[in-house]
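Take a look at the sequence and the model below. This report starts with one residue and works outward to the whole chain.

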Amino acid sequence: MAAPKRKDTKKFFENLSGAGKSIGVLTSGGDAQGMNGAVRAVVRMGIYVGAKVYFIHEGYQGMVDGGQNIEEATWESVSSMLQVGGTVIGSARCKEFRTPEGRVRAALNLVQHGITNLCVIGGDGSLTGANLFREEWSGLLETLRTTGQIDDEAVQRNSVLHIVGMVGSIDNDFCGTDMTIGTDSALHRIIEVVDAIGTTAQSHQRTFVLEVMGRHCGYLALVSALACGADWVFFPEMPPEDDWEEELCYKLSGNRADKKRLNIIIVAEGAIDRSNKPISADYIKDLVVRRLGFDTRVTILGHVQRGGTPSAFDRILASRMGVEAVLALLEASATTPACVVSLVGNQAVRLPLMECVQMTQEVQKAMDEKKFDEAVRLRGRSFENNLHTYRLLCSRKSDKDLPSSGFNVAVLNVGAPAAGMNAAVRSAVRVGIAEGHKMFAVNDGFEGFAKGQIKEIKWGDVGGWTGQGGSLLGTKRTLPAKHAEKIAEQIRIHNINAMLVIGGFEAYLGLLELSRAREQFTEFCVPMVMVPATVSNNIPGSDLSIGADTALNAITETCDRIKQSASGTKRRVFIIETMGGYCGYLANVGGLAAGADAVYIYEEPFDIRELQANVEHLTEKMKTSIQRGLVLRNENSNENFTTDFIYQLYSEEGKGVFDCRKNVLGHMQQGGAPSPFDRNFGTKVAAKAMQWITTKLKETYKEGRVFANSDDSACLLGMRRRAMVFRPVAELREETDFVHRIPKEQWWLKLRPLMKILAKYRTSFDVSDSAQLEHVTHVRPKEAAI
C-alpha cells in the first residue's frame, strides 16, 4: 500500500459535524466476536458528532423488509454490548437483496429514514453487495421517483449514498488488512482447545487431528499451528507436496522416537492437495492409524470458534475501526469511493473497498489455477511471514544434515516475567539451530550469566514451551554493570559470539550498559539484540511488547466479571488498579477494551477538580438505565491520589447515589498461559531477531573472530506503526524518560480520546493522524508488519 504524505497541520474532529446526517449500521454474513464492539463505537461516535444513528436489524434482510427492523439507536441501547459475542442486532443471508426489486425496497426504506450513510460490518460478500447498492443508488432513486414512491425533493435530499465497510470475519480472509474483527477471538477458542487437548494427549501418547474453520483461507490453521507448535498444518493456500503422506508419517514417527508424547495436526476445513482434492481430518486420522498404528483422535471445533466473549484485541480493534468508520463517513464527498477501514501493522488505514475485494478474489483464482506461491503472496506480508516462520520452526533436519556456522549464541530473559517469553525463546533456539549456530540458554538473566548458569540448549529441549506462561529460563531484574567482569569471563569461557536478550526495561538498560562497557571489555564487542517482553509495554522503540496482550486480556476478563457482579446490585462503581509502573498502557487500553468510565494515568496529569467532575459524570449516569460504573487507575498515576484515596473520595461524594468497591489486580496480570497474539508475536519477533544475528555475525567475522562495536550492532527490535524496525539502543536514549521508565512519546495516548468519547465525555480529538484513503498494491513495503 502506498502511504500518503502526512500533513503537519493538526486537524480536530470538532470541525466535522454530523448534524442533519443519518447513519445506518448493519452486520451481515457470518457473525464474528467483536461485531458488537464495532456497532457500539459507530452508534456512540455518530451520536457524539450530532448524527442520528439507526440499527438495521438482521442485515440486508432487515434493510429490505424495513419496518421495525430499522430502529433509531440511543446511547444506552449499546450499553453492555462490548463484552457480548456474536451480533446483537442480528445477521441474515438475504436472497432478495440480490435482486433489483429487493434493492429498490431497501433504498425506499433508507430514504424514509433519511439514511444516506451506511456502515456495513461483514465479509467480502456483504461488502461487495454494499458497493453494488451504492453504484445503483441514483438509478434506484429514479425508479422510486417514477413509480411515485418518493418525490423530487427526496431524490435531491438523498442523492448520494456513502458506504464504509468494516471486515467482520473470523477467517481473516480479506486482503488489505492484517487482522479482521473476530479473528483473534477465534484463535483464543482454538488455542484454549489445543491447550486442553494437550494434557489428555500426553497422558495417553495420542495424536490429535484438529479441524478448524477456513474454507477458503488458512489463516486460522496456520497461526494456531504457529501458536501451539503443531507438528503439521494443512491449509488451502499452500497444499503439501505430492509425497506428503510419507513425509507426515516420517515426521510423526521421528517425534515419537524422540520421546514426544503428543502430536498435534491442524487442518483447515478447506485443505486441499496439489490436485485440488480435499484433505479431510478423517483421512489423515486413517492414514496415521494405518501406517503407524498410533492412537489417533479427531476433534472438529466447528462453531465453537465463532462463540464466546471477544478478546481484548478484538474489542480494541472494533472500537478503533468503528470510530474511524464514522470519521470516514463525515469526510466523504460525492466522489469518494466506498472504502473499508482496516488495520496494517498497528496503523488504521482506509482502502477502496472494491480493490480489496478484487484482490481477495484473485487469491481464489490463483488457487484454482494451482499458483499457490502467488496465492500466499496475495494474502499479504503478514500471511507470508507466518508461513515462513512456521517452516523455519518445523522443518527439523537430522543433526548430521544441519549446517554448522561455528558460532555460539546466548539467549536470556531479563526483568519481570511476561507471558510469551517462552515462545520467543523456543523460536530463537530453533531458528538459531536451523541456521547452524550452537545455542546456549542462560538461566536467571544477567545474574545467572555472571554465575556461569549457562548450558547448551537443543531443539527438543524447547518442545512444548510455546503455551507455557512465565519464564522457564528464569529471569531477574539484576543489571549487568556491576557483574561486567564476570559476564565477560563467562563469554570467554563459552566463546559466546552473539546475545539475544528477551525482556523489559531492565533488558533495555542492560543492553545500554553492555554497549557502553565495550571500551573496557572487548568480550562485549559481539552482536546484541533485544526483543521487548513486558506487560507494561513501556519500551522505547516499540509500540508493542510480548506479554502486554495477555495482561490486557486478564484485565478485560476481570472487568467483565466485576461489571456482571454489579448487574444485580445496581448503582455501584468499581475502582480497579492495574500494573504498569508509570506507563498507563494497561490502564488506558484496558479501559477502552472494558468500557471504562474513567482512567487515571501518569501521562495525563489530573487534579481534584477532574476527580470531582468524574464523580458528577457518574452521578448523572446513575439516572439512566446504565446503573454501574468502572474506573481504572494505573498504579503510579499519582503519588497523592492513590487507589484508596480515589475509592474514599468516590464513596463520600457518591453517598446516597452509588456505592463503591475497589480491586487491585496485582500479579495476576503477569500470570497465565500466553494469549495467541503473544505466542505468535513472540515467535515471529524472536525468529526475525535471530536472522538479524546471523547476518551481523557474517558481517563482523574477520580474521578468525567476531568483532562488533558499532552502534548498529546493539539493537532493539520493535514494531513501529506498520513495520518491524531494528534501532540501535544508543539512538533510543534521547527518546527515553529514564526517571519514569517510559518512552517520551507513546502512540497509545492517541487512543485516549476514543475511550473518553465512548464514555460520553466531551473531549478534543486530533484526527490529523487518522487513516487516509490509500490503494492496495500487490507488493507491500519490504519491512512490513509481522
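## One serine

In which helix is the place of S126? S126 sits in helix α4, which covers residues 124-146. The model is predicted, so everything here describes a prediction.

Is S126 buried or exposed? Its relative accessible area is 8%. Buried means under 20%, so S126 counts as buried. Leaving out residues up to four places away in sequence, S126 touches S28, G29, Y60 and V120. One of these contacts, V120, leads to the next stop, a strand.

## Strand β4

Strand β4 spans residues 117-122. How many of its residues are buried? The count is 6 of 6, so the strand is mostly covered by the 20% cut-off.

Now take the two faces in turn. One side carries N117, C119 and I121. The other side carries L118, V120 and G122. Every one of these residues is buried, and both faces of β4 are covered.

## Partners of β4

Which strands pair with β4? Strand β1, residues 22-27, is joined to β4 by 5 bridges. These two strands run parallel. Within this pairing, G24 stands opposite L118 of β4.

Strand β5, residues 162-167, also pairs with β4. Here there are 6 bridges, again in the parallel sense. The bridge partner of V120 in β5 is G165. V120 is also a residue that S126 touches.

## The whole chain

Step back to the full protein chain. It holds 24 helices and 27 strands. Its radius of gyration is 27 Å, close to the 28 Å that the globule rule gives for 786 residues, so the chain is as compact as a globular protein of that length. Along the principal axes, the C-alpha atoms fill a box of roughly 90 × 70 × 50 Å.

What share of the 786 residues is buried? The figure is 62%. Contacts tell us about sequence distance too. Among contacts with a separation of 6 or more, 80% are between residues 24 or more positions apart.

## Surface and charge

The accessible surface of the protein chain comes to about 29,900 Å². Carbon and sulfur atoms own 48% of that surface.

How many charged side chains of each sign are there? The chain has 92 positive and 93 negative ones. The centres of the two sets lie 2 Å apart.

Terms used: Residues numbered from 1 in each chain as written. Heavy atoms only, no water. Buried < 20%, exposed > 50% of the residue type's maximum accessible area, 1.4 Å probe, protein only. Helix = DSSP H or I, 4+ residues; strand = E, 2+ residues; numbered from the N terminus. Pairing = 2+ DSSP bridges. Rg over C-alpha atoms; globule rule 2.2 N^0.38 Å. Contact = heavy atoms within 4.5 Å. Areas by Shrake-Rupley, 256 points an atom, 1.4 Å probe, with all protein chains shown as cover. Lys, Arg positive; Asp, Glu negative; His and termini not counted. Charge placed at Lys NZ, Arg CZ, Asp CG, Glu CD.
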